Amino acid sequence: MMKKLYRYLSPLLIAALVLGSLPVAAAPASSGSGLITTQEALNAERSQGDRERIHEILARDEVQEQLVAQGVDPTEVEARVAALSDAEAAQMADQLEQLPAGASVVGALFAVFVILLVTDILGLTNVYPFTR
């Protein structure tokens with residue numbers, strides 16, 4: 001009985017192992033799909049963390065109220081934060097972390113205002129009419 005089971009099971013296991021290893025062996029080696037370095041992986045993780053910290057601050061009610069009071073659409077701010085380069089997001093997150101606890105709302109609004117102003121001056125957006 002066991003010999004019969006081995007007789008049927010052995011070829012199936014061999015076929016599964018061979019077929020399971022074929023896609024890995026036959027994968028095309030394209031030049032753009034190289035390995036990433038540890039530093040690249042850490043930079044990607046840091047930039048994601050920077051954007052999360054910015055979004056946490058912008059999600060606060062008092063920040064949203066101040067943005068509306070300044071005449072800035074909060075959805076436009078979210079779109080601009082998403083469009084920031086990794087270096088700009090890191091700089092903004094570092095500035096927001098250096099603010100004292102009581103002034104974080106005012107400092108955050110100032111940082112957002114400056115970033116919106118710079119992108120408006122560069123012609124990437126159209127938020128403030130006085131930059132024309």
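Helices here are DSSP runs of at least four residues, numbered from the N terminus. By that convention, Y6 falls in helix 1, which covers residues 2-25. The model is a predicted one, and the protein it shows has 6 helices and 0 strands. Read along the sequence, the pattern is α-α-α-α-α-α. Of the 132 residues in the protein, 23% are buried.

A good place to begin is the surface of helix 1. Y6 joins M2, L5, L9, L12 and L13 in a nonpolar surface patch of about 620 Å².

Helix 4, residues 74-83, offers a clear view of two sides. Its buried residues are V77, R80 and V81. They lie on the same side of helix 4 because they cover an arc of only 100° around the axis. An α-helix has 3.6 residues a turn, so residues three or four places apart point the same way. The other side of helix 4 carries T75, A82 and A83, which are exposed.

The buried residues of helix 4 return when empty space is considered. Rolling a probe the size of a water molecule over the atoms shows where such space is left. The count comes to 1 cavity of 30 Å³ or more, and the largest cavity holds about 40 Å³ of space. Its lining consists of V77, R80, V81, M92, V112, I115 and L116. Helix 4 and helix 6 (104-121) are the elements that give two or more residues to this lining.

The largest pocket contains about 240 Å³ of space. Of the 14 residues that line this pocket, Q91, Q95, A111, V114 and I115 lie nearest its centre. Helix 5 (86-98) and helix 6 each supply at least two residues of the lining, and the largest share, 7 residues, comes from helix 6. I115 thus appears in the lining of the largest cavity and also in that of the largest pocket.

Charged side chains add another layer to the picture. Side chains of opposite charge can pair when their charged atoms come close. A search of the whole structure finds 5 salt bridges. In one of them, the side chains of D50 and R46 meet at 3.5 Å, N to O. Both residues lie in helix 2, 4 residues apart, about one turn of the helix. D50 is buried, at 1% relative accessible area, whereas R46 is partly exposed, at 42%. R46 also forms a salt bridge with D94, at 3.4 Å from N to O. With D94 in helix 5 and R46 in helix 2, this pair ties together parts that are 48 residues apart in sequence. D94 is partly exposed, with a relative accessible area of 28%.

A further salt bridge links D86 and R51, whose closest N and O atoms are 3.2 Å apart. Here D86 lies in helix 5 and R51 in helix 2, so the pair ties together parts that are 35 residues apart in sequence. D86 is partly exposed, with a relative accessible area of 45%, while R51 is buried, at 14%. Salt bridges that share partners join R46, D50, R53 and D94 into one network.

Two C-alpha separations round off the description. H55, in helix 2 (residues 38-58), is partly exposed at 29% relative accessible area. The C-alpha atoms of H55 and A93 are separated by 9.8 Å, with their positions 38 residues apart along the chain. F110 belongs to helix 6 and counts as exposed, at 56% relative accessibility. The C-alpha atoms of F110 and L96, 14 residues apart along the chain, are separated by 9.9 Å.

Definitions and conventions:
Residues are numbered from 1 along each chain as its sequence is written. This is a predicted model: local features need pLDDT of at least 70, side-chain atom pairs count only at pLDDT 80 or more; totals for chains, interfaces and linings use all residues. Side-chain values use heavy atoms; hydrogens and water are left out. Buried means under 20% relative accessible area, exposed over 50%, partly exposed in between (1.4 Å probe, protein chains only). The arc is that of the directions from the helix axis to the C-beta atoms. Patches are made of residues with over 30% relative accessible area and no salt bridge: like charges are joined within 9 Å, nonpolar side chains (Val, Leu, Ile, Met, Phe, Trp, Tyr) within 5 Å. Accessible areas come from the Shrake-Rupley method with a 1.4 Å probe; for residues, only the protein chains shown count as cover. A salt bridge is a side-chain nitrogen of Lys or Arg within 4 Å of a carboxyl oxygen of Asp or Glu. On a 1 Å grid over the protein atoms alone, a cavity is a set of points where a 1.4 Å probe fits but cannot get out, and a pocket is an open set with protein on both sides within 12 Å along at least five of seven lines; lining residues have an atom within 4 Å of a point. Grid points are joined across faces, edges and corners, and a volume is the space filled by probe spheres set on the points.
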